[in-house]
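Visitor: I would like to learn how to read a structure like this one. Could you walk me through it, one feature at a time?

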Amino acid sequence: MAATDATHLGLVMLAAAAGGVINSIAGGGTLLTFPALIGLGIPGLAANATSTVALWPGAAGSIVGYRRELAGMRPWAIRFAVPSVLGGLAGALLLLRTSAERFEQLMPWLVIGASALFVIQRPLMAWIRAWDIKRGVDLTLSEPSETPSLKVLLYQFGVGVYGGYFGAGIGILMLAALGFMGFTNIHKMNGLKNWGGLCTNVVAAATFAVSGIVIWPVAGAMAVGAIAGGYGGSLMAQRVPQQRVRQAITFIGFASGIWLLIR
């Protein structure tokens with residue numbers, strides 16, 4: 001049946017809702033929506049572009065759900081936006097110049113690498129903090145008070161490039177970076193991660209829309225599901241113990257990478 005058949009549109013709407021929940025908690029929702037679109041017979045590059053266009057409203061919904069956690073984080077949010085937008089544009093343009101075969105070869109390794117980085121983040125941060133204590137650094141503040149450094153912004157640009165290119169695992173990359181910067185509250189980290197992802201995905205979605213490869217009826221149906229899933233996921237994540245959220249992030253990352261390797 002056609003990709004715009006009502007039954008298929010309903011199925012991809014549900015997939016997008018689940019993807020919005022996963023993106024809100026950990027990132028990687030693309031790994032639900034992308035296979036769903038491939039199952040409809042949509043070519044890989046068009047499926048990826050359509051998925052990106054459809055999922056960015058879900059990030060906007062999750063921002064609303066995390067608005068309290070983002071209170072007082074405006075300096076970070078403003079500075080995060082610039083490299084996220086520029087990186088997203090560069091990644092989207094790079095995708096449009098990539099062959100379908102090369103695109104599928106790179107995906108699993110990028111996701112598995114990001115997942116591994118998130119796993120080692122906590123023990124590495126514990127080692128760094130132990131070293132700081134030996135050097136007499138004040139650790140009484142639970143969150144960094146400084147604005148992001150140039151190195152952090154350059155890293156975020158790289159994350160934006162990856163996010164504009166495909167996006168699965170972009171949240172894991174940002175969460176790992178925020179952990180290395182000294183953040184300890186997973187919910188604040190998720191709020192900043194979702195903001196950075198929104199900035200990246202908006203410009204990438206606009207680029208794909210102009211390119212003409214987006215399947216609009218499918219993107220519209222998925223956007224409805226993504227908005228509901230993004231908002232609901234942000235509220236659900238804040239009611240789950242932080243350790244549970246971290247476990248979900250780790251599981252989603254490695255499971256997604258392994259699935260991409262064996263598909």
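Visitor: Which hand does the crossing of helix 4 and helix 8 have?

Guide: The general idea is to look along the line of sight through both helices and see which way the near one is turned from the far one: clockwise by less than a right angle counts as right-handed. In this predicted model, the crossing of helix 4 and helix 8 is right-handed. Helix 4 covers residues 74-96 and helix 8 covers residues 186-211; they pack at an angle of about 35°, and their axes are 8 Å apart.

Visitor: What kinds of residues make up the contact of helix 4 with helix 8?

Guide: Sort them into classes: 16 are nonpolar, 6 are polar and none is charged. On the helix 4 side you will find, among others, Trp 76, Phe 80, Val 85 and Leu 89, while the helix 8 side includes Leu 192, Trp 195, Val 203 and Phe 208.

Visitor: Which residues have the most contacts inside the largest nonpolar core?

Guide: A useful general idea here is that in soluble globular proteins, nonpolar side chains tend to be buried together. In this chain, the largest nonpolar core has 53 residues, and Leu 37, Phe 166 and Phe 208 have the most contacts inside it. Phe 208 is also one of the helix 8 residues that meet helix 4. As for Leu 37, leaving aside residues up to four places away in sequence, it touches Val 12, Ile 42, Ala 47, Thr 50, Ser 51, Val 218 and Met 222.

Visitor: Is helix 7 mostly covered or mostly open?

Guide: Count the buried residues along the helix. Helix 7, residues 170-180, is mostly covered, with 10 of its 11 residues buried. The buried ones run from Ile 170 through Leu 175 to Gly 179. For the chain as a whole, buried residues make up 52% of the 263 residues.

Visitor: Why does Gln 247 count as partly exposed?

Guide: Compare its relative accessibility with the two cut-offs, under 20% for buried and over 50% for exposed. Gln 247 has 39%, so it counts as partly exposed. This residue is found in helix 10, which spans residues 242-262. Its C-alpha is 9.4 Å from that of Val 119, although 128 residues separate Gln 247 and Val 119 in sequence.

Visitor: How many helices and strands does the chain have?

Guide: The chain comes to 10 helices and 0 strands. To see how the chain comes together, look at contacts between residues at least 6 apart in sequence: 84% of them join residues at least 24 apart.

Technical notes. Residues are numbered from 1 along each chain as its sequence is written. This is a predicted model: local features need pLDDT of at least 70, side-chain atom pairs count only at pLDDT 80 or more; totals for chains, interfaces and linings use all residues. Side-chain values use heavy atoms; hydrogens and water are left out. Helices (H or I, at least four residues) and strands (E, at least two) are DSSP runs, numbered from the N terminus. Buried means under 20% relative accessible area, exposed over 50%, partly exposed in between (1.4 Å probe, protein chains only). A nonpolar core is a set of buried Ala, Val, Leu, Ile, Met, Phe, Trp, Tyr and Cys residues joined through side-chain atoms within 4.5 Å. Contact means heavy atoms within 4.5 Å. Axes are lines fitted to C-alpha atoms, for helices over the stretch in contact, and angles run from 0 to 180 degrees between N-to-C directions. Ala, Val, Leu, Ile, Met, Phe, Trp, Tyr, Cys and Pro count as nonpolar, Asp, Glu, Lys and Arg as charged, and the others, Gly among them, as polar.
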